[in-house]
Amino acid sequence: MQLRCGPQLAQLDVQDEGVGMDAEHVSHIFERFWQADPKGYRKQQGLGLGLSIAQYLVQQHDGTLTARSDGLGRGSTFTLTLPLIAQPSGACCSAVSPVA
């Protein structure tokens, strides 16, 4: 996990070492009810709503939520970007890396 801040936005990257995703799946993961494996071979079951809801909530705050993966077996990275409300002396992000 890495948090970076700039004068107008904060960006949080969350990276895992999980199963990763095919490039064709990355563009669909925020769709409601979409699942990469609809046949139920996964250990974890779900409705396919979590990422869709997360993206909707982030968008309601004028932010973005994106995903990327270098392919199966290579993990995934999710990036959350949110605009910052003006804080005195940049107090919100004084201890984190700047956004490039």
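A polar contact is a pair of N or O atoms within 3.5 Å; within protein, one of the two must be able to donate a hydrogen and the other to accept it. With that in mind, Thr79 is a good place to begin a tour of this predicted model. The side chain of Thr79 makes such a polar contact with the side chain of Asp13, at 2.7 Å. A further polar contact, of 3.5 Å, links the side chains of Thr79 and Arg68.

Thr79 belongs to strand β4, which spans residues 77-83. This threonine has a relative accessibility of 7% and therefore counts as buried, the cut-off being under 20%. Leaving aside residues up to four places away in sequence, Thr79 touches Gln11, Leu12, Asp13, Thr64, Leu65, Thr66 and Arg68.

Several of these names lead to strand β3, residues 64-68. Strands β3 and β4 run antiparallel and are joined by five bridges, with Thr66 standing opposite Thr79. In a regular strand the side chains alternate between the two faces of the sheet. In β3, Leu65 and Ala67 make up the covered face, whereas Thr64, Thr66 and Arg68 make up the uncovered one.

Attention now turns to helix α2, which covers residues 50-60 and includes Tyr56. Together with Ile53 and Leu57, Tyr56 makes a nonpolar surface patch of about 310 Å². Tyr56 has a relative accessibility of 47%, so this residue counts as partly exposed.

Definitions and conventions
Residues numbered from 1 in each chain as written. Predicted model: local features only at pLDDT ≥ 70, side-chain atom pairs only at ≥ 80, totals over all residues. Heavy atoms only, no water. Patch = residues over 30% accessible without salt bridge, like charges linked within 9 Å, V, L, I, M, F, W, Y side chains within 5 Å. Areas by Shrake-Rupley, 256 points an atom, 1.4 Å probe, with all protein chains shown as cover. Salt bridge = Lys/Arg side-chain N within 4 Å of Asp/Glu carboxyl O. Helix = DSSP H or I, 4+ residues; strand = E, 2+ residues; numbered from the N terminus. Buried < 20%, exposed > 50% of the residue type's maximum accessible area, 1.4 Å probe, protein only. Pairing = 2+ DSSP bridges. Contact = heavy atoms within 4.5 Å.
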